[in-house]
Amino acid sequence: MPEALESALAEVRVLLLAPGLTRAVAAGRRRGQRPSVVRAELRPVALKSGPRLQIATSDGSRPHTRNVAPGAEADAAVDELLAEPFGNWHVETADATIQLRVTKSGEAQVHRAAASRTAGEPERHDRAKEWLLDPGDPLFREIGGSAAKRRQVDAFLRALAATLPDDLTGALRVVDLGCGNAYLTFAAYRYLLRRGLDVTLVGVDVREDQRRRNTELAERLGWADRVSFVAGTIAEAPVEPAPDLVLALHACDTATDEALARAVRWDARWVLAAPCCHHDLAAQLRARPAPGPYELLTRQGILRERFADVLTDALRAGLLRLHGYRAEVVEFVDSQHTPRNLLIRARRTAGAPTDGQRAEYRELVGQWGVTPRLETLLAERA
């Protein structure tokens, strides 16, 4: 073993056994070698019997978790993992982060970063608060994604964290509708798993090639038994059993309506949908004169398009309210990262709508002479 790699692994060992360890992930493989497990994740846990080092490994088909006691047992377990020919180590402590990558030639590439502010650096939140899923996480080396996409995903996870109850435990069934390259799918699984939930997640996309690609990624990550993918439309793809949580990130135009309608039909407990494009109501607004005195809102094309965005999402939230959900529209990421930065966040209450809420919705659609696609979809399946 090259001396530089041996030295880097020794540094990793110290951090893995240090009291300030937050988490560590080992994945990938060195050239011409293959570890006995495809990945390993380590983190400290507090049990009734005392502090333990939790080691979760996967052989590609099933996960295995064990909790080892500090001292000789933890030393031996860590040494065993360090002896495996992993290609990457990512270690986070309360004070620092170290990323070790073994090149094709067997050399060590090490990147170190302090968790706290250094001299001359602007004051900011610490890393744990700034990211729910660090953009340097080894997961992103597998799934890819631009810096902008990673920030969108992290912001979406923050909205998810604010939506789910802090005391949520047990099994959680999740579906990601219109998952595309599954950046959010995999990131959500990683985040929810870290919360200690028993997660199963299904990604839905209309393209069969995406299903194959994403399935291969799940297998490579060792998650294929918990994360699966189906090819089909948002409205009709087979998803059984019904999910508790529905996600949809930038499903275009009425695809967002299909995602919301299906969530309602499933009686999903929570729904998070970030809309993208609002062509349907914009076309309806173009086809008829605006009611007075609102002609100025729709006379200019750009204003009409923006007003259509606002009207569409307001009516979506109103319809969810009429179907037993408490719904709100919030900004989930800064507009510099994407102009499509609104999120419809809903929680099922099963409460019956009031006569006033029904009248409020009917008056708004009647005044503008529009028929929201979500209304049609919900009426078809009523």
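Which residue in E3 is the bridge partner of Val 45? Keep that question in mind; the tour comes to it shortly. The model on screen is predicted.

**The whole chain**

Start with the full protein chain in view. Its secondary structure comes to 13 helices and 14 strands. Along the principal axes, the C-alpha atoms fill a box of roughly 80 × 50 × 40 Å. The chain has 382 residues, and 47% of them count as buried. Now think about contacts between residues at least 6 apart in sequence: 67% of these join residues at least 24 apart.

**Stop 1: strands E2, E3 and E4**

Select residues 39-47 for strand E2 and 50-58 for strand E3. A hairpin of 2 residues links E2 to E3. The two strands run antiparallel, joined by 9 bridges. Now pick out Val 45. Its bridge partner in E3 is Arg 52, which settles the opening question.

Add residues 63-68, strand E4. E4 pairs with E3, again in the antiparallel sense, over 6 bridges. To find the register, select Leu 53 and look across to E4: Val 68 stands opposite.

As you follow any of these strands, keep one rule in mind. Side chains in a regular strand alternate between the two faces of the sheet.

**Stop 2: helix H2**

Select residues 72-82, helix H2. Show the side chains of Ala 74, Ala 77, Val 78, Leu 81 and Leu 82; these are buried. Turn the view until you look down the axis of H2. The buried residues fall within an arc of 135°, so they line one face of the helix.

What covers them? Helix H1 (3-16) is part of the cover, and so are strands E2, E3, E4 and E5 (88-93).

**Stop 3: where H1 meets H2**

Keep H2 and add H1. A pair of packed helices is described by the angle between the axes and the distance between them. Here the angle is about 145°, and the axes are 11 Å apart. The crossing is right-handed. On the H1 side, select Leu 9, Val 12, Arg 13 and Leu 16; on the H2 side, Asp 75, Val 78, Asp 79 and Leu 82 make the contact. These residues divide into 5 nonpolar, no polar and 3 charged. Val 78 and Leu 82 also belong to the buried residues of H2.

**Stop 4: the seven-stranded sheet**

Clear the selection and move along the chain. Here 7 strands form an open sheet with mixed pairing, in the order E10-E9-E8-E11-E12-E14-E13. Its edge strands are E10 (227-231) and E13 (325-331), each paired on one side only. From one strand to the next, the twist averages 15°.

Zoom in on E8 (residues 171-177) and E9 (residues 198-205). This pair is parallel, with 7 bridges. Select Ala 171; opposite, in E9, stands Asp 198.

**Stop 5: two helices on the sheet**

Add residues 183-194. This is helix H6, which packs on the sheet and touches E8, E9, E10 and E11. The direction of H6 makes about 170° with that of E9.

Within H6, select Thr 185. Is Thr 185 buried or exposed? Its relative accessibility is 0%, so Thr 185 counts as buried. Beyond its neighbours within four places in sequence, Thr 185 is in contact with Asp 176, Cys 179, Leu 201, Val 227 and Phe 229. For a sense of scale, draw a distance line to Thr 371. The two C-alpha atoms are 32 Å apart in space, with these positions 186 residues apart in sequence numbering.

Next, select residues 147-163, helix H5. H5 lies across E11 (245-252), E12 (270-276) and E14 (342-348), and runs at about 150° to E12. Pick out Thr 163 in H5. With a relative accessible area of 13%, Thr 163 is buried. Outside its neighbours within four places in sequence, Thr 163 is in contact with Trp 270, Leu 272 and Arg 345.

**Stop 6: helix H9**

Finish with residues 279-286, helix H9. Leu 281, Ala 282, Gln 284 and Leu 285 are buried here. Look down the axis once more: the buried residues of H9 fall within an arc of 160°, so they line one face of the helix. Last, bring up helices H11 (301-322) and H12 (355-368). The buried residues of H9 pack against both.

Terms used
Residues are numbered from 1 along each chain as its sequence is written. This is a predicted model: local features need pLDDT of at least 70, side-chain atom pairs count only at pLDDT 80 or more; totals for chains, interfaces and linings use all residues. Side-chain values use heavy atoms; hydrogens and water are left out. Two strands pair if DSSP finds at least two bridges between them. Helices (H or I, at least four residues) and strands (E, at least two) are DSSP runs, numbered from the N terminus. Axes are lines fitted to C-alpha atoms, for helices over the stretch in contact, and angles run from 0 to 180 degrees between N-to-C directions. Contact means heavy atoms within 4.5 Å. Buried means under 20% relative accessible area, exposed over 50%, partly exposed in between (1.4 Å probe, protein chains only). The arc is that of the directions from the helix axis to the C-beta atoms. A crossing is left-handed if the near helix is turned anticlockwise from the far one by less than a right angle, and right-handed if clockwise. Ala, Val, Leu, Ile, Met, Phe, Trp, Tyr, Cys and Pro count as nonpolar, Asp, Glu, Lys and Arg as charged, and the others, Gly among them, as polar.
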